[in-house]
Amino acid sequence: MLALLPNLLTLARCFAAVPIAWLIFHQNWLAAGLVLALACATDWLDGYLARRLDATSAFGIWADPLADKILLLGCFAGFVLDKNLPNFFLVCMGIIAARELWMLVWRSVQAGSGLVVPASQTAKVKTVLQFACLFAIIYYCSQPMSDWFFLAICILLVVTAILTWQSALQYMKL
């Protein structure tokens with residue numbers, strides 16, 4: 001039973017996308033940030049437990065990046081529906097979302113061929129940056145910001161978008 005815990009945490013991260021998107025849409029920034037923090041913690045914890053309990057599985061290797069994508073895209077949907085973000089943020093989010101959808105299709109094709117592709121180190125860093133972007137945007141939306149903070153978020157989004165696509169290109173070389 002304990003060996004199922006990593007996969008249950010991964011599934012919990014998938015399901016967390018809905019309430020987080022709802023909280024973002026309703027501009028409940030503090031609650032959105034707290035639930036997002038819990039969901040992000042499951043990303044680390046599920047992998048840690050899978051290795052510690054010797055419970056790594058093909059399902060976990062496949063589902064973990066899928067859960068990250070669902071969480072990220074769910075948050076993006078909440079921001080888009082809220083309609084209060086600067087256009088530059090939305091463009092960067094669109095570029096990141098396009099990569100995530102592309103990789104979802106690519107991984108599905110690979111899985112259909114019997115190949116389960118584990119997350120690369122670059123993809124893990126990319127995921128951390130994507131989550132950092134979500135927290136930065138939630139913070140940006142929660143209160144008036146200075147121009148320098150806005151610029152810092154813009155730079156973070158650009159770096160994240162570039163790394164996001166760089167990691168996709170690394171997978172394409174497989």
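Student: Leaving aside its neighbours within four places in sequence, which residues is L156 in contact with?
Tutor: L156 is in contact with L129, A132, C133 and A136, where contact means heavy atoms within 4.5 Å. This is a predicted model, in which local features need pLDDT of at least 70, side-chain atom pairs count only at pLDDT 80 or more, and totals for chains, interfaces and linings use all residues. Residues are numbered from 1 along each chain as its sequence is written, and side-chain values use heavy atoms, with hydrogens and water left out.

Student: Ok, and where does L156 sit, and how far is its C-alpha from that of L129?
Tutor: L156 is in helix α6. Its C-alpha and that of L129 are 7.8 Å apart, with the two positions 27 residues apart along the chain.

Student: Is L156 buried, exposed or partly exposed?
Tutor: L156 counts as partly exposed, because its relative accessibility is 23%. The cut-offs are under 20% relative accessible area for buried, over 50% for exposed, and partly exposed in between, with a 1.4 Å probe and protein chains only.

Student: Zooming out, how many helices and strands does the chain have?
Tutor: Six helices and zero strands, so the order from the N terminus on is α-α-α-α-α-α. Both kinds of element are DSSP runs numbered from the N terminus: helices are H or I with at least four residues, strands are E with at least two.

Student: What about the radius of gyration?
Tutor: The chain has 16 Å, which agrees with the value near 16 Å for a compact globule of 174 residues. That radius is taken over C-alpha atoms, and the globule rule is 2.2 Å times the number of residues to the power 0.38. Along the principal axes, the C-alpha trace spans about 45 × 35 × 25 Å.

Student: How much of the chain is buried, and what share of contacts is between residues 24 or more positions apart?
Tutor: 45% of the 174 residues count as buried. Among contacts with a separation of 6 or more, residues 24 or more positions apart account for 82%.

Student: And the surface, how big an area does the chain expose?
Tutor: About 9300 Å², with carbon and sulfur atoms supplying 73% of it. Those areas come from the Shrake-Rupley method with a 1.4 Å probe, and for residues only the protein chains shown count as cover.

Student: Back to α6. What do its buried residues pack against?
Tutor: They pack against α4 (87–112) and α5 (121–142). The buried set in α6 includes F149, I153, L157 and Y171. Helix α6 covers residues 147–172, and its 26 residues reach 38 Å from first C-alpha to last, close to the 38 Å expected at 1.5 Å a residue. The expected span is 1.5 Å times one less than the number of residues.

Student: Which helices cover the buried residues of α5?
Tutor: The cover includes α2, α3, α4 and α6. Among the buried residues of α5 are K126, F131, C133 and A136. The end C-alpha atoms of α5 are 32 Å apart, and that agrees with the 32 Å its 22 residues should span.

Student: Same thing for α4, what covers its buried residues?
Tutor: The cover there includes α3, α5 and α6. R99, E100, W106 and R107 are among the buried residues of α4. This helix has 26 residues and reaches 37 Å, close to the 38 Å expected.

Student: Switching to backbone angles, which residue just after α4 takes a positive phi?
Tutor: G114, at about 85°.

Student: What's phi for Q27 and D54?
Tutor: Phi of Q27 is near 55°, a positive value in a residue other than glycine. Phi of D54 is near 55° too, again positive in a residue other than glycine. Most residues other than glycine have a negative phi.

Student: Where are they, and how exposed?
Tutor: Q27 is in the loop between α1 (5–25) and α2 (29–52), and is partly exposed at 38% relative accessible area. D54 is in the loop between α2 and α3 (58–82), and is exposed at 70%.

Student: Last one: which helix holds G60, and what is it in contact with?
Tutor: G60 lies in α3. Leaving aside neighbours within four places in sequence, G60 is in contact with N7 and P65. G60 counts as buried because its relative accessibility is 16%, and the C-alpha atoms of G60 and L8 are separated by 9.5 Å.
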